[in-house]
Amino acid sequence: MIYQKYIRSSRLIFNETSSAFEPVAAKAYRTLEHMVVTLELAPASFVTESALIDRLGLGRTPVREAIQRLAWEGLLDVRPRAGIAIAPLHPGDWLRVLDARRGVEVVLARSAARFVTREATDLFHDAALAMQKAVISGNVLAFIQADKALDEALALAGDNPFAARLAAPLQTHSRRFWFRYKADTGLAESAEHHVALIRSILAGDEDAAGKDAKRLMALLRGHAEAAATR
């Protein structure tokens with residue numbers, strides 16, 4: 001329940017109509033995560049806590065909480081007296097992330113198809129529409145946001161906070177690798193696989209949802225294998 005409440009309260013801070021109601025700690029986390037995923041904070045670079053507080057325009061406590069959470073997720077490395085290191089990007093690690101992610105994504109997809117609620121249904125529809133609009137406009141950042149929204153809908157609908165907590169950092173790492181190695185050519189194909197998964201979940205078809213989750217992971221793994229051989 002705690003994780004589901006976080007999902008409900010923290011979705012889409014980039015939507016101006018909802019950001020005013022988001023807890024400051026959740027806003028700090030989401031903004032900082034977005035900066036890491038989209039490489040605004042360059043891989044293997046260093047930054048200070050005070051610099052992040054200035055950039056985010058938020059208080060020390062919420063920013064520090066966001067830093068600690070991202071450090072736990074492996075995206076930041078807090079080094080006393082040296083600053084905060086942004087996690088490097090090694091192409092081969094994308095394969096490791098996806099190997100760990102595959103099973104839990106299938107669990108969440110099947111569970112979401114079984115337990116999807118009206119609230120989650122609306123979130124899935126919004127995510128699918130946002131993805132399609134991003135493809136049409138070629139807006140990679142909008143696609144990244146829609147993908148994040150889909151993951152949150154999946155966490156809410158799946159009714160399995162243990163699987164959701166396990167999946168969330170893996171999804172973030174995977175998004176970061178995708179942004180680095182595939183964002184320039186992968187929008188339409190990725191959207192097609194994501195929307196197929198959404199359709200199966202909303203149809204309440206557990207088997208189809210599980211298969212679509214596997215197909216999506218297979219697509220991403222193909223991208224990761226290509227990146228690893230560059």
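**Helix packing and backbone features in a predicted model**

D212 is buried, because its relative accessible area of 10% falls under 20%. The model discussed here is a predicted one. D212 belongs to helix α11, which covers residues 206–228. Apart from its neighbours within four places in sequence, D212 is in contact with A196, L197 and S200.

These contact partners lead to helix α10, which comprises residues 187–202. At 1.5 Å a residue, its 16 residues should span 22 Å, and the C-alpha atoms at its ends are 22 Å apart, so expectation and model agree. The buried residues in α10 are L187, S190, A191, H194, V195, L197, I198, S200 and I201. A general property of the helix is useful in reading such a list: an α-helix has 3.6 residues a turn, so residues three or four places apart point the same way. The buried residues of α10 pack against α6 (91–115), α7, α8, α9 (161–181) and α11. Two of the contacts of D212, L197 and S200, are among these buried residues of α10. After α10 comes G204, whose phi is positive, near 75°.

Two of the helices that α10 packs against, α7 and α8, also pack against each other. In general, two packed helices are described by the angle between their axes and the distance between the axes. For α7 (residues 118–137) and α8 (residues 140–158), the angle is about 160° and the axes are 8 Å apart. Because an angle over 145 degrees counts as roughly antiparallel, α7 is roughly antiparallel to α8. The crossing of α7 past α8 is left-handed.

On the α7 side, the contact involves E119, A120, L123, F124, A127, A130, M131, A134 and V135. Their counterparts in α8 are A142, F143, A146, D147, A149, L150, A153, L154, L156 and A157. By class, the residues of this contact comprise 17 nonpolar, no polar and 2 charged.

Positive phi values also occur in residues other than glycine. One of these is A44, with phi near 70°, located in the loop between α3 (24–37) and β1 (46–47). With a relative accessibility of 49%, A44 counts as partly exposed. Another is R81, which is not a glycine yet has a positive phi of about 70°. R81 lies in the loop between β2 (76–79) and β3 (83–86). Its relative accessibility is 87%, and R81 therefore counts as exposed, the cut-off being over 50%.

Definitions and conventions. Residues numbered from 1 in each chain as written. Predicted model: local features only at pLDDT ≥ 70, side-chain atom pairs only at ≥ 80, totals over all residues. Heavy atoms only, no water. Helix = DSSP H or I, 4+ residues; strand = E, 2+ residues; numbered from the N terminus. Buried < 20%, exposed > 50% of the residue type's maximum accessible area, 1.4 Å probe, protein only. Contact = heavy atoms within 4.5 Å. Axes fitted to C-alpha atoms, helices over the stretch in contact; angles between N-to-C directions. Parallel < 35°, antiparallel > 145°, perpendicular 65-115°, else oblique. Left-handed = near helix turned anticlockwise from the far one by under 90°. Nonpolar A, V, L, I, M, F, W, Y, C, P; charged D, E, K, R; others polar. Expected span 1.5 Å × (residues − 1).
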